[in-house]
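Visitor: Please pick one part of this model for a close look, and then show me how it connects to its surroundings.

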Amino acid sequence: MTRPVTLFTGQWADLPFEEVCRLASGWGYEGLEIACWGDHFEVDKALADDGYVPRKLETLAEHGLKVWAISNHLVGQAVCDDPDERHRAILPERIWGDGEPEGVRRRAAAEIMDTARAAARLGVDTVVGFTGSSIWHTVAMFPPTPESMVERGYADFAERWNPILDVFDEVGVRFAHEVHPSEIAYDYWTTVRTLEAIGHRPAFGLNFDPSHFVWQELDPVGFLLDFRDRIYHVDCKDTKVRTGDGRRGRLSSHLPWGDLRRGWDFISTGRGDVPWEDVFRALNAIGYAGPISVEWEDAGMDRLQGAPEALEFVRALNIMEPPTTSFDSAFT
């Protein structure tokens with residue numbers, strides 16, 4: 001079961017799209033998971049200019065690349081969040097506007113609807129992204145958080161995302177939510193609750209990224225098996241956990257990425273603590289046949305070294321085929 005291996009362009013959006021295509025093709029990637037920022041994929045232009053999408057596809061084809069998914073994490077984050085200066089730094093000015101929170105949320109929701117429409121024009125059926133959360137700030141449960149407040153958070157998510165998902169249904173595109181701290185679904189049980197909040201509608205599934213599970217001490221393989229029907233996309237990113245010395249904690253002390261006083265860090269795929277062979281065996285077991293996207297993040301390593309190295313690591317596991325016969329069939 002050989003799946004295409006793609007490169008997520010989010011961490012490369014400081015480079016022109018054509019340059020990223022050149023690099024990825026030269027390393028041997030089969031395609032891109034294209035980010036909706038920088039000049040990589042601009043949703044407003046994709047809908048306003050009839051020539052925009054054909055030009056993108058032409059650039060991909062010139063480099064022998066394909067696209068199976070686009071990602072709009074940054075705008076999606078603002079749909080349910082209470083926007084502040086952090087959001088202003090990552091949002092297009094037309095989404096931020098005057099910064100009034102409800103206005104930002106509504107414009108962000110409209111942009112995610114347009115992202116589905118733009119994805120359909122591009123010929124892809126999956127948009128990867130974040131949802132934001134109105135209750136993430138209560139995660140420490142102090143001051144004491146009443147259950148009614150948590151319930152309102154999931155109700156708010158459903159109220160804001162159901163109309164978005166209606167558009168996804170209309171255009172035949174699915175949303176793959178990345179289970180990630182700061183989102184409405186950030187671990188196992190919050191994923192269960194999130195799916196319940198929207199009635200398990202098929203338009204909403206999951207982007208599996210085990211790097212967010214390892215430092216939370218979640219089992220990525222068990223997650224794949226239990227949510228097998230909701231795995232719409234897979235990102236390969238790794239995490240190295242360094243707790244245990246009595247100083248470095250799971251919450252990482254507001255320290256920046258790459259600071260060795262942190263309790264964990266994202267690290268180039270294959271160099272961390274994700275049990276990758278078990279993950280790929282589980283992907284085979286659930287019959288996942290979609291793209292495997294390398295999301296390269298490592299504050300202590302140059303990306304020009306990390307991206308091709310990660311490709312070779314993933315490719316070696318990705319070709320592991322399920323057996324056609326049992327190993328003990330030769331005994332009889």
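Guide: Let's begin with a side-chain pair: S211 and D209 are joined by a polar contact of 2.7 Å (N or O atoms within 3.5 Å; within protein, one must be able to donate a hydrogen and the other to accept it, and residues adjacent in sequence count only if both atoms are side-chain atoms). The model is predicted, so local features need pLDDT of at least 70 and side-chain atom pairs pLDDT 80 or more, while totals for chains, interfaces and linings use all residues. Residues are numbered from 1 along each chain as its sequence is written, and side-chain values use heavy atoms, with hydrogens and water left out.

S211 belongs to helix α10, residues 211–214 (helices, H or I of at least four residues, and strands, E of at least two, are DSSP runs numbered from the N terminus). With a relative accessible area of 0%, S211 is buried (under 20%; exposed is over 50%, partly exposed in between, with a 1.4 Å probe and protein chains only). Beyond its neighbours within four places in sequence, S211 is in contact with K237, D238, T239, F266 and V274 (heavy atoms within 4.5 Å).

Now to the strands. A barrel is closed by 8 strands in the order β1-β2-β3-β4-β5-β6-β7-β10, with parallel pairing (two strands pair if DSSP finds at least two bridges between them). On average, neighbouring strands of this sheet are turned by 30 degrees against each other, direction ignored (axes are lines fitted to C-alpha atoms, for helices over the stretch in contact, and angles run from 0 to 180 degrees between N-to-C directions).

Strand β7 makes a good stopping point, with 6 of its 6 residues buried. On one side, β7 pairs with β6 in the parallel sense over 3 bridges, and N207 stands opposite H233 of β7. There are also 3 bridges from β7 to β10, again parallel, where C236 has V294 of β10 as its bridge partner.

Within β7, residues 231–236, I231 deserves its own look. I231 is among the residues with the most contacts inside the largest nonpolar core, together with F41 and I70; this core has 84 residues (buried Ala, Val, Leu, Ile, Met, Phe, Trp, Tyr and Cys joined through side-chain atoms within 4.5 Å). In soluble globular proteins, nonpolar side chains tend to be buried together. Leaving aside neighbours within four places in sequence, I231 touches L206, F208, F223, L224, I286 and Y288. Elsewhere in the barrel, I70 has V127 of β4 as its bridge partner, and β3 (residues 66–71) pairs with β4 (residues 126–129) over 2 bridges.

I286 takes us from the strand to a helix, α12, which spans residues 276–286. This helix lies across β6, β7 and β10, running at about 160 degrees to β7. I286 is buried, its relative accessible area being 16%. Its contacts, not counting residues up to four places away, are L224, L225, R228 and I231. I286 and H40, 246 residues apart in sequence, are 32 Å apart from C-alpha to C-alpha.

Finally, the annotation: an unreviewed UniProt entry lists residues 22–316 as "domain: Xylose isomerase-like TIM barrel" (positions are in the numbering used here, feature names are shortened, and annotations may be inferred rather than shown by experiment). That span is 45% helix and 14% strand, and its end C-alpha atoms lie 23 Å apart.
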